[in-house]
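Here are some notes to read alongside the model, written as numbered points so that each can be checked in turn. Please keep the structure open while going through them.

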Amino acid sequence: MAELPEVEIITQDLKKTIIGKKIKRIEEICPENLRRKSSIGLNEILNKKITSIKRRGKYIVISFSKGYSLLIHLGMTGHLFYKRGREPINKHDLLIFDFLSGKNRLIYNDIRRFGSVTVVDSAVLQKLNIFNKMGPEPLMVTKEEFLRIFRNRKSKIKSLLLDQKIIAGLGNIYADEALFQAKIHPEERANTLSEKKLEMLRGSIKRILVKAIQEGGSTIINYCNLFGEEGKYQNYHKVYSRKGLPCALCGTTIEKIRVSQRSSFYCPKCQKKGNI
DNA sequence: CTGCATGTTAGGTT
DNA sequence: CAACCTAACATGCA
């Protein structure tokens with residue numbers, strides 16, 4: 001559901017709304033249904049000021065004064081909503097955050113429960129494998145680092161783009177769209193790609209992510225931002241979920257194959273193998 | 001009923 | 001280590 005652009009939008013929305021606030025109360029609707037990655041209780045963050053909100057890969061990091069952070073991963077179907085006042089609890093709501101000031105509430109909702117909400121010690125977070133093992137940010141990565149990551153790897157390029165340890169934040173939608181724009185077949189081996197081609201891929205990834213953020217992300221099934229608004233970038237998808245439809249560039253029928261157990265959509269003419 | 005879905009991780013084999 | 005596969009998690013939809 002949420003890849004880098006969607007997580008970035010939610011992070012920006014959170015910055016606009018809850019930075020500087022303190023959480024007064026956290027209601028856990030069904031505690032056994034919430035995934036965590038540490039044993040620190042959620043109540044550790046109560047009555048502490050929210051000092052910063054950042055994104056790393058597909059994680060949202062909300063930092064509090066006195067050394068704790070809240071780490072949120074939305075998984076496939078996680079949602080955060082900022083809602084006015086008291087509203088009835090919806091199906092799959094898992095957490096309700098009340099603030100010290102104002103009546104607005106933050107709701108965490110997750111249909112499939114693949115997401116996680118974890119309190120971590122901020123000092124420990126620095127050492128936590130989660131971030132140290134994660135690859136660079138695609139919007140920040142330099143040409144040299146991008147080349148270093150890919151040029152010696154023998155795996156299929158699509159598999160590597162999805163691997164958060166290689167590069168952080170891409171998911172199936174934006175990996176497919178970036179490969180289409182760079183005219184690379186998803187099963188091309190990374191080490192066969194020329195430096196020029198890899199640099200084109202780096203540019204395509206950046207352009208697509210920036211545009212997707214501008215357009216409010218992609219709403220395929222049910223993604224929406226903190227205020228319940230849908231994204232528009234799905235209207236710009238060139239290959240993702242477009243099996244059987246004509247390629248926008250050449251009219252060839254878009255195909256769907258399996259790469260690393262994930263569906264991959266591509267144009268067999270624009271993304272020929274050997275176009276390296 | 002079956003198969004599929006935007007994600008991650010642990011554990012296995014080669 | 002690298003590469004690749006499987007299963008697991010849980011729900012909804014076609």
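1. In this predicted model, helix 1, which covers residues 4-18, lies across strand 5, strand 6 and strand 7 (105-110), and its direction is at about 25° to that of strand 5.

2. The strands that helix 1 crosses belong to an open sheet of 4 strands, arranged in the order 1-6-7-5 with antiparallel pairing. At the edges of this sheet are strand 1 (23-28) and strand 5 (78-83), each of which pairs on one side only, and from one strand to the next the twist averages 15°.

3. To see one pairing in detail, follow strand 1 beside strand 6 (residues 93-99), where the two run in the antiparallel sense and are joined over 5 bridges. Within this pair, Ile-23 stands opposite Phe-99 of strand 6. As a general reminder, strands of a sheet pair through backbone hydrogen bonds, either parallel or antiparallel.

4. Another open sheet is formed by 4 strands in the order 2-3-4-8, and here too the pairing is antiparallel. Strand 2 (50-56) and strand 8 (116-121) stand at its edges with a single partner strand each, so one side of each is left without a neighbour in the sheet. The twist in this sheet averages 20° from one strand to the next, and helix 1 packs on the sheet as well, touching strand 2 and strand 3, with its direction making about 170° with that of strand 2.

5. Inside the sheet with the order 2-3-4-8, strand 3 (residues 59-64) and strand 4 (residues 68-73) pair in the antiparallel sense over 6 bridges, and the bridge partner of Tyr-59 in strand 4 is His-73.

6. Which residues are the closest to DNA strand C? Of the 13 residues that surround DNA strand C, the closest are Arg-112, Arg-113, Lys-154, Ser-155 and Arg-189. The residues of this surface divide into 8 charged, 3 polar and 2 nonpolar.

7. Of the atoms of DNA strand C within 4 Å of the protein, 70% belong to sugar or phosphate, while the rest belong to bases. Phosphate oxygens of DNA strand C lie 2.4 Å from a side-chain N or O atom of Arg-189, 2.9 Å from one of Ser-155 and 3.1 Å from one of Arg-153.

8. Taken as a whole, chain A has 7 helices and 10 strands. Its radius of gyration is 20 Å, close to the 19 Å that the globule rule gives for 276 residues, so chain A is as compact as a globular protein of that length.

How values were computed: Residues numbered from 1 in each chain as written. Chains lettered and ligands numbered in written order. Predicted model: local features only at pLDDT ≥ 70, side-chain atom pairs only at ≥ 80, totals over all residues. Heavy atoms only, no water. Pairing = 2+ DSSP bridges. Axes fitted to C-alpha atoms, helices over the stretch in contact; angles between N-to-C directions. Contact = heavy atoms within 4.5 Å. Near = heavy atom within 4 Å. Polar contact = N/O pair within 3.5 Å; in protein donor to acceptor, adjacent residues only side chain to side chain. Nonpolar A, V, L, I, M, F, W, Y, C, P; charged D, E, K, R; others polar. Rg over C-alpha atoms; globule rule 2.2 N^0.38 Å.
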